[in-house]
Every structure is written in structure tokens, then in C-alpha cells.
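Open the model in your viewer and keep the sequence panel beside it. We will go from stop to stop, selecting a few residues each time.

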Amino acid sequence: MDNRQIARVFADLAVFLTLKGDSVFKVRAYERVAESIENLPFELADVAQDEKRLRAIPGFGEAITSKVQELAATGKLRLHEELKAEFPAGVLTLMQVPGIGPKTALKAVQELGIKDLAGLEQSLASGAFAQLPRVGERNAANILRHLRARMAQGDRVPIGDALPAAERVMAALRQRCPDVRNLTYAGSLRRGRETVGDIDLLCTADRPAEVIAELASLPSVRDVMGKGDTKGSVVIDSGLQVDLRVTDDASLGALLLYFTGSQRHSIRLRERAQKMGMSLNEYGLTDVATGRLEHFENEEAIYSRLGLPFIAPELREDAGELEAAERGELPRLVELADIRGDLHSHTDWTDGRAPLEEMAAAARRHGRQYIAVTDHSPSQTVSGGLSVERLREHTVAVRRADATSPGIRLLAGTEMDILADGSLDYPDAALAELDIVLGSVHGAMDQDRDTMTRRVIRAMASPHLDVLAHLTTRLIGRRAPVEIDAEAVFKAAVETGTVLEINASPPRLDLKDTHIRMARELGVVFALSTDAHRPEEFGWVRYGVEQARRGWCEGWRVINTLPFEELSSFLALPKGERYARVARRD
DNA sequence: GCCGTTTTCGGCCCGACTGTTTTCAGTCG
């Protein structure tokens, strides 16, 4: 049972206990622990016997710890099974739609006989649903829109689609509304999550209503869901919902903090404010004794007033960032500007879409000082993987392009398959001639966990395998990650001096944020690369930087923040000496 | 349910919106 499934059980328990009228605080404890479990950097099932380790997780007391142990041991929870039997199955289904909570869902099933989303749509369209207590026309109309949006495109959108969409809307607003200031995105997009549910925009302006009106009239807007004086909500052509809120300059800080979240982080900040005799809301901090409201132009000022350093949006998940901030131990996170090179790219020698020279020129335009050209190895027959002979020609071509391409250095490399038994797709002699060797799992992806773990660790033992690329091979929303003991792989990486790739390609984002966090704590060193197959894909590096930051990754820990000469001498070292070289940079 | 440099018992974030609620319930972010 993985963390997602365990979290699901506790979220279900929260719903059932709400329906039973149990204590709201008990319900909140379950909700909170469900979120906490989803953000864990390790699998609960792996540590279920270690009661001390479980109890150290926030929200884990006696009762929840024993429930987790029961789940890990049996795959089931007696209490969960009992409650599931007590309530109709449709309740949890209906609750997936925004606007429907536990109470409404139960009434819908009991009084209207709705069992699934199709039945829900019918009931909403016919007007029957609006007759339920405390629903009404307006709520029903909103629920129907949410439902149709969900049926059209699933519930969350990859950051690789959402961020460009947000930037297009922002550019259009700036152009049509000179009055707009401080326009920025907030929410999970600003926190850099790999998928987002909607786009939250904020700005300040002298005439807010005009800005809202402009938003509603943008050509890309398909549907206007709400339009007030300071808040507008629209659906753009890609199906994404965009919310815009306008405020005055004096209150921007509190509003930005509030709409960036996460909710858990906000709650912790409010609890902290409370202990200091203040109340925090989206307008500012109120002194409870005097009732005086203090405004803040930026987030730094609020954190400072609460006795904390600024906490980067990517860290705001209530995953230890407040404790670290208090101790003055927040990491100096990697920034986009730190990234000098890209160590994973493809050309039309294999499955890339552009010639070597074009890719080099594009990388330079994107601000890279060097790239590794890493086309595929023979087992990748569908991608035209290079034979040993072709690899040699490829290397000659890369070295020639390196000599003739101004403003950028090229490394001759390969993205080589790690075969099913952990052996490598090229002989050692061929690998020894390359500047850099990436190793990837591309086939036999359905191996069991032990086999896959042994396979990858065996490959890392090779003195030639410099970087382990996209560890889990997942494709977000399309292909599940391989079964693998990530912690064992990270420990082996440290032991062997193998670098772990943070693959920045939006469909992959592999390692994912929680993996990066765990690997970092074990001392792993990373390469942050785009896996570009087209010239414009070098721009994907920003998504990798966001995931790295979510994983608390410092700039010094990423080898392609090194200048070219230093990177070259890093790669020239025997693997066993490399980690020590990087660690000294802090 | 959990949690504690004010507490091992008594707390547990805050405001907006919608509805049919004459003082609050449900839901969301």
C-alpha cells in the first residue's frame, strides 16, 4: 500500500466521521494527517514496523499510528471497512466535485438516488439538485460547471501547461490595462506544484473594476463565471479557470501570502500570530488587544513581524519549513539564474527533432554555457539508438561542433539504457571515450520492486555511469512510476558517487519533489536537465528548478551550476572522489 | 484525533459566499 492509498483512507475516515456528526477536531486531525502523508518523502509501508519513526511524523499519535500499522500489515483498516459499509458508495464519488461536501453528497444519494457523476449531471441539469437543502440555483449552476470542466479534462493541469497559460493572460492584461501593477500568480502555481487545479492571479490597480472587466473581455476567455468589483473568475480556452483579485498596494503582502498558501502553511502562520496576540487574515495582522489592523506591502514584512525569515513559496507546505525558519536553517535554494549548463539533450542523430548545431544554438539562446549531447543507445531501436560505431561518429561530430559553435561548449555523451539485468548497453571501452554517461531505464519497466532496485544499483556500480537519469520513468497522468526502493538507490548513489538527475521535462518531473527532499537529506548530488528533444525545450529548465526548490535543494548541490571548466574537472575525477568535491563548495 | 519554552487537559485558523438561516450551516480556499 503506498502513501497515496493510505492518505485516501484517512481522508475517507474524515468524511465518514463528519457524516456521523463526530467532533470536527477529530475530523480535522484525520484530514491533516492525510495531507501530511501525501507529502512524506518516504513510503510509510517501508517503516511501518518502526513505531518511533511513525510517531515522529506530524499528526501521528497513538491511534493513527496503530491504524497505519494495520493498513501496512493487512492492506485494510477495520474501521474504514465498517464505515464504508454504513454509507452509500456514491457519497465519496460526488464529493470529488467542488461545491459538494459530505452533507450535500449524502442527501443527494439518499433523497435523489444519485450514484455517479453521470447521474449528478442529469440531476443538476434537470433542476432537481438545486432543491436540496442549502443548495439553490446558484450553487447548482456552479457545481454543474465544475462537473463539466472536470469531465472534459480531469481535475488538475500539468504545470508545463498552466504556467505558460498564466503568463499569456498576464501579458494580455498588462497590454490592455496600463493601470495594472504588481501582477503576479499565486496559489499552487507559485508554489511550483507539478500540477495545478486553477490559476490564481493578483494585482494592484487604482480602478479595480476596470481590470476585472478587461479580464472578462479577453479573447482567450471562454466563459465568465463571476465578475465583481475586486474579483473576477473566468475559464480560458484551454479549459483552465483563472481567478483574478485586485487590491491596493498597502495590502498586497497579506493577500499574496493568503492566496499562495498552502492552506496548511497559512494555518500554522495564523496559529503563530495568535500566540503573539495577533490575528492574521488576507488584509493584514490585527492586534487583538487594540483591534488595530496593520497592513503589509510585501510578504517579507509579515514574516518578519512574526519573527521569521522569508520562506520561499515552494517550501510552504507545512513540511518542516516553519521549524527550519525558526532555527535559521532554511536552505539557500537553487535559482534559475544558477543553472549554467544542461546535461541531457537529444538531436536528430536519434529521436531529437533538430540537428546538433541548431540544438547548440538554441541552448545558447536560453542562456546555457554548455550542454551534454546525450543521444540514445542501441537498445532504443524505436529511437534509432546509436551502435558503437555510430556513437564514435557522434562523438566526433559533437567535438567538431564544440570547436565551431561560438559561445557554448558541448560535451559528448550518451543516454544509455540500463538493461533488464542491470548491465549496460555499451561496452566499457566505448563509455570510457565519452565526456559524460547518463543511464536510464527504458524497457522492462514492470519488474517487481526488488528486481528493479537491484538492477539500478548494479548499474550505478559502474565507474562509467555518471548520472542516473529520470529514476522512476513516470509520465504524469499517463504512465505510473516503476516500483523501486528510492531510498536504497539514493544511498547507493552516495556510496558510488553517482549523480541523480532531476529531469525538468514537464511530462516527467522525475525525480519528483518528495524524492529530491529525501535524496538531499541523504546527501545526494544532482544534475538538473531538460531532456530537450527540440530547440525550445531547453526552456523547460524552469520546471526542474521549481521541483528542486520544492525538494529543498541548494544551488551548490546541482553540478550544472558549475562553470564549464569546473564541471569538466568534476567529471574527470574518479566517481568515488566527486561528492567530496561538490560538498566543499557550500 | 493531536499537542504542549504559557498547558498532559483544554484548546484546536479565518473570512467570504450562498442559502431561506431571524443567528446559522455547508463549503471553499
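Start by selecting G232 and L244: L244, in β7, is the bridge partner of G232. Now widen the selection to two strands, β6 (residues 231-236) and β7 (residues 241-247), which pair in the antiparallel sense over 5 bridges. Keep in mind as you look around that this is a predicted model.

Next, add the rest of the sheet. Its 5 strands form an open sheet with mixed pairing, in the order β2-β4-β7-β6-β5. Which strands stand at the edges? They are β2 (181-185) and β5 (221-227); each has a single partner strand, so one side of each is left without a neighbour in the sheet. On average, neighbouring strands here are turned by 20° against each other, direction ignored.

Two helices come next. Select residues 159-176 to see helix α11, which lies across β2, β4 (199-204), β6 and β7 and runs at about 160° to β2. Then pick residues 208-216: this is helix α13, which packs on the sheet and touches β4, β5, β6 and β7. The direction of α13 makes about 165° with that of β7.

Now turn to the DNA. Select strand B and the protein residues around it: there are 38 of them, and the closest are R28, G61, G99, R134 and R270. Of the atoms of DNA strand B that come within 4 Å of the protein, 65% belong to sugar and phosphate. Three contacts are good to zoom in on:

- R134: an N or O atom in its side chain is 2.6 Å from a base nitrogen of DNA strand B.
- K103: a polar side-chain atom lies 3.1 Å from a phosphate oxygen of DNA strand B.
- A63: here a backbone N or O atom lies 3.5 Å from a phosphate oxygen of the strand.

Colour by element and you can see which parts of the chain supply this surface: α2 (24-38), α5 (62-74), α8 (102-112), α10 (136-153), α15 (263-275) and β8 (278-281) each give two or more residues. If you colour by class instead, the surface near DNA strand B shows 16 nonpolar, 11 polar and 11 charged residues.

While you are by α15, select G261 and S262. A cis peptide bond joins them, with omega at about -5°. S262 sits in the loop between α14 (252-260) and α15.

For a second cis peptide bond, go to D510 and L511, where omega is about 5°. L511 is in the loop between β16 and α23, so to speak the doorstep of our next stop.

Is helix α23 (residues 513-522) mostly covered or mostly open? Mostly covered: 8 of its 10 residues are buried, among them H515, I516 and M518. Show α22 (486-496), β16 (499-503), β17 (526-529) and α24 (541-550) to see elements that cover those buried residues. Just after the helix, G523 takes a positive phi of about 95°.

Two further residues have positive phi without being glycine. D318 has phi near 55° and lies in the loop between α16 (299-305) and α17 (321-326). W552, with phi near 65°, is in the loop between α24 and α25. D318 is buried at a relative accessible area of 16%, and W552 is buried at 6%.

Finish at S569 in helix α25 (residues 564-572). S569 counts as partly exposed, at 29% relative accessibility. A polar atom of the S569 side chain lies 3.1 Å from the backbone oxygen of E566.

Definitions and conventions
Residues are numbered from 1 along each chain as its sequence is written. Chains are lettered from A and ligands numbered from 1 in the order in which they are written. This is a predicted model: local features need pLDDT of at least 70, side-chain atom pairs count only at pLDDT 80 or more; totals for chains, interfaces and linings use all residues. Side-chain values use heavy atoms; hydrogens and water are left out. A residue is near a molecule or strand if one of its heavy atoms lies within 4 Å of it. A polar contact is a pair of N or O atoms within 3.5 Å; within protein, one must be able to donate a hydrogen and the other to accept it, and residues adjacent in sequence count only if both atoms are side-chain atoms. Helices (H or I, at least four residues) and strands (E, at least two) are DSSP runs, numbered from the N terminus. Ala, Val, Leu, Ile, Met, Phe, Trp, Tyr, Cys and Pro count as nonpolar, Asp, Glu, Lys and Arg as charged, and the others, Gly among them, as polar. Buried means under 20% relative accessible area, exposed over 50%, partly exposed in between (1.4 Å probe, protein chains only). Contact means heavy atoms within 4.5 Å. Two strands pair if DSSP finds at least two bridges between them. Axes are lines fitted to C-alpha atoms, for helices over the stretch in contact, and angles run from 0 to 180 degrees between N-to-C directions.
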